[in-house]
Amino acid sequence: MYRMMRRCLLVSGLLAMVIIARAQNSSYINNHKFIATVLSNYYGIPAPVILSIATIESSGGEGPAAKVLNNHFGIEGENYIVNRRGHKSRYKQYSNEISSYIDFCKLVTHKRFYNRLKDNDDCRLWVKALSHAGYSELPEQWEQKVMSVLDRIEHESDVASR
């Protein structure tokens with residue numbers, strides 16, 4: 001009996017965490033749609049790709065790099081913040097989150113596949129190209145996570161357009 005109750009509590013807790021994370025991600029996506037759309041029009045990178053990568057890399061805007069460094073894409077580089085233990089993060093610091101979004105788009109324009117995919121709306125091709133170009137240290141897991149968020153974004157936009 002105790003074991004069953006414990007298992008139920010564990011499953012309930014995990015389910016609650018998933019629901020909270022989804023709500024957090026939806027809020028993050030809604031708050032950043034405009035900047036992603038503007039950058040999509042300028043750089044030719046689909047807005048859902050920009051949003052899903054930012055959502056994953058920033059943990060819905062709640063990750064330490066996003067909160068402290070305004071880095072929503074996990075871009076490595078210079079920063080000036082030292083933690084209590086005297087360590088610096090490997091992630092680049094931005095003055096605001098919009099700068100992070102712009103820097104991500106500029107970074108993508110320097111990839112080999114960019115000219116081939118520019119203005120192509122097939123989001124899956126973009127994610128696969130970034131994954132194969134070494135954007136993540138764990139490309140297969142990263143690609144799955146981004147595709148999952150991408151599916152949710154596309155589903156929500158399909159529902160909204162009905």
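## Aromatic pairs

In this predicted model, the count of aromatic pairs comes to 7. One of them joins Y42 and Y43, whose ring centres are 4.8 Å from each other, with 75 degrees between the planes. That makes the Y42 and Y43 pair edge-to-face. The two partners sit in contrasting surroundings: Y42 has 62% relative accessibility and so counts as exposed, while Y43, with a relative accessible area of 11%, is buried.

Another pair to look for is F73 with Y101. Here the ring centres lie 4.9 Å apart and the planes stand at 85 degrees, so this pair is edge-to-face. F73 belongs to the loop between α3 (64-69) and α4, whereas Y101 is part of helix α4, so their pairing ties together parts that are 28 residues apart in sequence. Both F73 and Y101 are buried.

## One aromatic cluster

Which residues form one aromatic cluster with F73 and Y101? The other members are F104, Y135 and W142. If you are finding your way around the structure, Y101 is a handy residue to keep in view: Y101 pairs with F73, and Y101 also takes part in a helix contact described below.

## Where α2 meets α4

Now turn to helix α2 (residues 47-57) and helix α4 (residues 97-109). These two helices pack at an angle of about 115 degrees, and their axes are 12 Å apart. The crossing of α2 and α4 is right-handed.

On the α2 side, the residues that meet α4 are I50, L51, I53 and A54. Their partners in α4 are Y101, F104 and C105. Sorted by class, this contact holds 7 nonpolar residues, with no polar and no charged ones. Two of the α4 partners, Y101 and F104, may look familiar from the aromatic cluster.

## Where α2 meets α6

Helix α2 also packs against helix α6 (residues 123-132), this time at an angle of about 45 degrees and with the axes 9 Å apart. At that angle, α2 and α6 are therefore oblique to each other. Their crossing is right-handed.

Which residues make this contact? From α2 come P48, V49 and I53, and from α6 come C123, W126, V127 and L130. The contact of α2 with α6 divides into 7 nonpolar, no polar and no charged residues.

To link the two helix contacts, look at I53 of α2: I53 is among the residues that meet α4, and I53 also takes part in the contact with α6.

Definitions and conventions. Residues are numbered from 1 along each chain as its sequence is written. This is a predicted model: local features need pLDDT of at least 70, side-chain atom pairs count only at pLDDT 80 or more; totals for chains, interfaces and linings use all residues. Side-chain values use heavy atoms; hydrogens and water are left out. Axes are lines fitted to C-alpha atoms, for helices over the stretch in contact, and angles run from 0 to 180 degrees between N-to-C directions. Helices (H or I, at least four residues) and strands (E, at least two) are DSSP runs, numbered from the N terminus. Angles under 35 degrees count as roughly parallel, over 145 as roughly antiparallel, 65 to 115 as roughly perpendicular and the rest as oblique. A crossing is left-handed if the near helix is turned anticlockwise from the far one by less than a right angle, and right-handed if clockwise. Contact means heavy atoms within 4.5 Å. Ala, Val, Leu, Ile, Met, Phe, Trp, Tyr, Cys and Pro count as nonpolar, Asp, Glu, Lys and Arg as charged, and the others, Gly among them, as polar. Rings of Phe, Tyr and Trp (its six-membered ring) pair if their centres lie within 6.5 Å; planes under 30 degrees apart count as stacked, over 60 as edge-to-face and the rest as tilted. Buried means under 20% relative accessible area, exposed over 50%, partly exposed in between (1.4 Å probe, protein chains only).
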